[in-house]
Amino acid sequence: MVTNCCSEDLSELSSAELLAIQLGIENEGRHVAESLLKQCGGLARVLKSDYAWLRTMVGLSPRSIRRLRVVVELSSRAAKETLLHVDALSNPDLVREYLSEYLVAAKREHFVCLYLDVRNQVLKVDTLFSGTVDAASVYPREIVSTALQVGAVNIIIAHNHPSGSSQPSDADRRVTEKVRKALGLVDICLLDHLVLGQGEFFSFAKAGFL
């Protein structure tokens, strides 16, 4: 049985113990949480698992699933709040930490845009859409419109590859060029396009593609 954690160092508890506490299933023991972690392949994937799968295949109650959703949403909001007004170029690890938190375990592709001011501080973080990233699904005018509204002069775009590989596809390259050209028409610079895999990052800027 998981012990009372009110006065102890939570870092000393295992992921299974913490998960059991959050799910409100301490009385059943941590073996339920351990089984869930094993089925999903880790904590990140547990937090991003579909409601229907957790309900029907795992047997979690709606209340327990909601507890998980609250953790994910709070974590995402906290990371985004921390990222705002940070110099994105001077703190690349912080940017990657946020993107990892938000994107890496997602089962669908998400296309995210970071709008930066003249000092490269983050003005706004925007998820443009979820789904397959290709040239037809990305609308540069939306990026340009938002950039002008918030006064951005530089932009970083990012998306994840649920398959796990961070290597960019031909479609990723086309999207990058399409966005770069559109932003260039209004003198806004595309600084980078980050592709996130499972524990991996690909930077278009570092690779010399921008």
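## A guided tour of the model

Colour the chain by secondary structure and follow it along the sequence: the order of elements reads α-α-α-α-α-α-β-β-α-β-α-β-β. That gives eight helices and five strands to find your way by. Keep in mind as you go that this is a predicted model.

**Whole chain.** Start with all 210 residues selected and colour them by burial; 41% of them are buried. Next, switch on contacts. Of those with a separation of 6 or more, 60% join residues 24 or more positions apart. Now show the surface, where the accessible area is about 11,200 Å². Carbon and sulfur atoms account for 50% of that accessible surface.

**The second largest pocket.** Stay with the surface view and select A88, L89, P92, V95, R96 and I156, then add L191, D192, L194, S203, A205 and K206; together they line the second largest pocket. Which elements give two or more residues to this lining? They are α6, at 92-104, and β4. The volume of the pocket is about 200 Å³.

**The loop before β4.** From β4 (189-196), step back towards α8 (170-184), and you will find V186 in the loop between them. Is V186 buried or partly exposed? Its relative accessible area is 33%, so V186 counts as partly exposed.

**A nonpolar patch.** Keep V186 selected and add L148 and L185: the three form a nonpolar patch on the surface. Together, L148, L185 and V186 have about 310 Å² of accessible area. This patch is a good place to end the tour.

Conventions:
Residues numbered from 1 in each chain as written. Predicted model: local features only at pLDDT ≥ 70, side-chain atom pairs only at ≥ 80, totals over all residues. Heavy atoms only, no water. Patch = residues over 30% accessible without salt bridge, like charges linked within 9 Å, V, L, I, M, F, W, Y side chains within 5 Å. Areas by Shrake-Rupley, 256 points an atom, 1.4 Å probe, with all protein chains shown as cover. Salt bridge = Lys/Arg side-chain N within 4 Å of Asp/Glu carboxyl O. Helix = DSSP H or I, 4+ residues; strand = E, 2+ residues; numbered from the N terminus. Buried < 20%, exposed > 50% of the residue type's maximum accessible area, 1.4 Å probe, protein only. Contact = heavy atoms within 4.5 Å. 1 Å grid on protein atoms, 1.4 Å probe; cavity = no way out; pocket = protein on both sides within 12 Å on 5 of 7 lines; lining within 4 Å. Points joined across faces, edges and corners; volume = space filled by probe spheres on them.
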